[in-house]
Amino acid sequence: MPRHGNAYGHPVVVSSAVRPEFFKAQTARQVIYRVPERLRILDVRTSSIFEDFNSQQSYERCVGKSKARK
């Protein structure tokens, strides 16, 4: 799970062995935090782990930011 500062973000990479748990849970968060010992934290230097792109506009905004950094 990526972390920037004190906050956790996404994407969260999950083992395929955990996949069946997602079908039984109401939320992904329940599965992720159910067994804290499974979590591996990766400290990252970018706040982009907090950005969502679940619409065409937000996706284009994220792509634009990525291109501007190059």
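1. Start with R38 and E21 in this predicted model: the two form a salt bridge, with the closest N and O atoms 2.8 Å apart. R38 sits in the loop between α2 and β3, while E21 belongs to helix α1, so here we have a link between distant parts of the chain, 17 residues apart. As for solvent, R38 comes out as partly exposed, at 32% relative accessibility.

2. E21 has a second arginine to deal with. R34 also forms a salt bridge with E21, and the closest N and O atoms there are 2.9 Å apart. Since R34 is in helix α2 and E21 in helix α1, this pair ties together parts that are 13 residues apart in sequence. R34 counts as exposed, with 53% relative accessibility. Put the two pairs together and you get a network of salt bridges linking E21, R34 and R38.

3. What is the count of salt bridges? It comes to 3. Besides the two pairs at E21, have a look at R3 and D43, which form a salt bridge with closest N and O atoms 2.7 Å apart. R3 lies in strand β1 (residues 2–4) and D43 in strand β3, so the pair ties together parts that are 40 residues apart in sequence. R3 is partly exposed, because its relative accessibility is 23%, and the cut-off for buried is under 20%.

4. Now the sheet that R3 belongs to. It is an open sheet of 3 strands in the order β2-β1-β3, with mixed pairing. β2 and β3 are at the edges with a single partner strand each, so one side of each has no neighbour in the sheet. β1 and β2 run antiparallel and are joined by 2 bridges. Across from R3, in β2, stands Y8.

5. Y8 turns up again on the surface. Together with Y33 and I41 it makes a nonpolar surface patch of about 280 Å². Y33 is in helix α2 (residues 28–34), and at 40% relative accessibility it counts as partly exposed.

6. Is V31, in the same stretch of chain, buried or exposed? V31 lies in helix α2, and it is buried, because its relative accessible area is 3%, whereas the cut-off for buried is under 20%. Leaving aside residues up to four places away in sequence, V31 touches V18, E21, F22, A25 and R38. Two of those names, E21 and R38, are the salt-bridge partners from the opening point. If you want a sense of distance, V31 and S48 are 17 residues apart in sequence, and their C-alpha atoms are 23 Å apart in space.

7. One for the backbone checklist: the peptide bond joining H10 and P11 is cis, with omega about 10°. Most peptide bonds are trans. P11 is found in the loop between β2 (7–8) and α1 (19–24).

8. P11 also gives a handle on E51. The two are 40 residues apart in sequence, yet 9.9 Å apart in space, C-alpha to C-alpha. E51 has its place in the loop between β3 (42–43) and α3 (56–69). With 23% relative accessibility, E51 counts as partly exposed.

9. Moving on into helix α3, take S58. S58 is buried, at a relative accessible area of 6%. Its side chain makes a polar contact of 3.0 Å with the side chain of S55. Not counting residues up to four places away in sequence, S58 touches D52 and F53.

10. E60 is in helix α3 as well. In contrast to buried S58, E60 is partly exposed, with a relative accessible area of 46%. The side chains of E60 and Q56 are joined by a polar contact of 2.8 Å. How far apart in space are E60 and K24? C-alpha to C-alpha they are 34 Å apart, with their positions 36 residues apart in sequence.

How values were computed:
Residues are numbered from 1 along each chain as its sequence is written. This is a predicted model: local features need pLDDT of at least 70, side-chain atom pairs count only at pLDDT 80 or more; totals for chains, interfaces and linings use all residues. Side-chain values use heavy atoms; hydrogens and water are left out. Helices (H or I, at least four residues) and strands (E, at least two) are DSSP runs, numbered from the N terminus. Buried means under 20% relative accessible area, exposed over 50%, partly exposed in between (1.4 Å probe, protein chains only). A polar contact is a pair of N or O atoms within 3.5 Å; within protein, one must be able to donate a hydrogen and the other to accept it, and residues adjacent in sequence count only if both atoms are side-chain atoms. Contact means heavy atoms within 4.5 Å. Patches are made of residues with over 30% relative accessible area and no salt bridge: like charges are joined within 9 Å, nonpolar side chains (Val, Leu, Ile, Met, Phe, Trp, Tyr) within 5 Å. Accessible areas come from the Shrake-Rupley method with a 1.4 Å probe; for residues, only the protein chains shown count as cover. A salt bridge is a side-chain nitrogen of Lys or Arg within 4 Å of a carboxyl oxygen of Asp or Glu. Two strands pair if DSSP finds at least two bridges between them.
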